[in-house]
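These are my notebook entries on a structure that I looked up piece by piece. I set them down for a reader who meets it here without earlier acquaintance.

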Amino acid sequence: MIPEEDKRYLLRYEFDGKTYEDVGTFVEVVSPLYSEDNCVEYKFKVNGGHILMKENEIIRRIVTTEEALAQYHWLKKNSKRNK
């Protein structure tokens, strides 16, 4: 999953043998040239600053209330059951 700019994501990562989950806002793609293991990483803004995440550590995008309502109304309007 390639994150979308300025969208929030649920992130899961391990540190010191423990698994953590956090919510972060995508900032930018970090070139493999600057990564410790030559992988593309994604920079997220989190409560304590910034964190670099690999693609498999990004669980899912968090949908805002406005997006959820828009999707609900679109599905309701375009549902085959309503026709």
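**Entry 1: E41 and its contact**

I began with E41, whose relative accessible area is 9%, so I noted E41 as buried, the cut-off being under 20%. I record at once that the model is a predicted one. I then looked up where E41 belongs, and found E41 in strand β3. I next asked which side chain makes a polar contact with the side chain of E41. The partner is the side chain of K54, at 3.1 Å.

**Entry 2: The sheet**

I turned to the sheet as a whole. I found an open sheet of five strands, and I wrote down their order as β4-β3-β2-β1-β5, with antiparallel pairing. I marked β4 (49-53) and β5 (58-61) as the edge strands, since each of them has pairing on one side only. I also noted the turn between neighbouring strands of this sheet, which is 40 degrees on average with direction ignored. As background, I wrote that strands of a sheet pair through backbone hydrogen bonds, in a parallel or an antiparallel way.

**Entry 3: The strand pairs**

I went through the pairs of strands in turn. How many bridges join β1 to β2? I found eight, and the two strands run antiparallel. In this pair, F15 has K18 of β2 opposite. I saw that β1 and β2 make a hairpin, with two residues between them. In that turn I noted D16, which has a positive phi of about 55 degrees.

For β2 and β3 I counted five bridges, again in the antiparallel sense. Here E28 faces K43, a residue of β3, as its opposite number. I then took the other neighbour of β1: strand β1 (residues 8-15) is joined to β5 by three bridges, and this pair too is antiparallel. Opposite Y9 I found R61 in β5.

**Entry 4: The aromatic rings**

Y9 led me to the aromatic residues. I found four aromatic pairs in the structure. For Y9 and F44, the ring centres are 5.8 Å apart and the planes stand at 70 degrees, so I entered the pair as edge-to-face. This pair links distant parts of the chain, because Y9 is in strand β1 and F44 is in strand β3 (residues 41-46), 35 residues apart. I looked up the burial of both, and Y9 and F44 are each buried.

I then took F26 and Y42, an aromatic pair with 6.1 Å from centre to centre and 55 degrees between the planes, and I entered this pair as tilted. F26 belongs to strand β2 (residues 18-30) and Y42 to strand β3, so the pair ties together parts 16 residues apart in sequence. Are F26 and Y42 buried or exposed? I found both of them buried. I closed this entry with the grouping: Y9, F26, Y42 and F44 make up one aromatic cluster.

**Entry 5: D37 in a loop**

My last entry concerns D37, which I placed in the loop between β2 and β3. The relative accessibility of D37 is 40%, so I counted D37 as partly exposed. I also looked up how far D37 is from L69: the two are 32 residues apart in sequence, and their C-alpha atoms are 41 Å apart in space.

Terms used
Residues numbered from 1 in each chain as written. Predicted model: local features only at pLDDT ≥ 70, side-chain atom pairs only at ≥ 80, totals over all residues. Heavy atoms only, no water. Pairing = 2+ DSSP bridges. Helix = DSSP H or I, 4+ residues; strand = E, 2+ residues; numbered from the N terminus. Axes fitted to C-alpha atoms, helices over the stretch in contact; angles between N-to-C directions. Phe/Tyr/Trp six-rings, centres within 6.5 Å; stacked < 30°, edge-to-face > 60°. Buried < 20%, exposed > 50% of the residue type's maximum accessible area, 1.4 Å probe, protein only. Polar contact = N/O pair within 3.5 Å; in protein donor to acceptor, adjacent residues only side chain to side chain.
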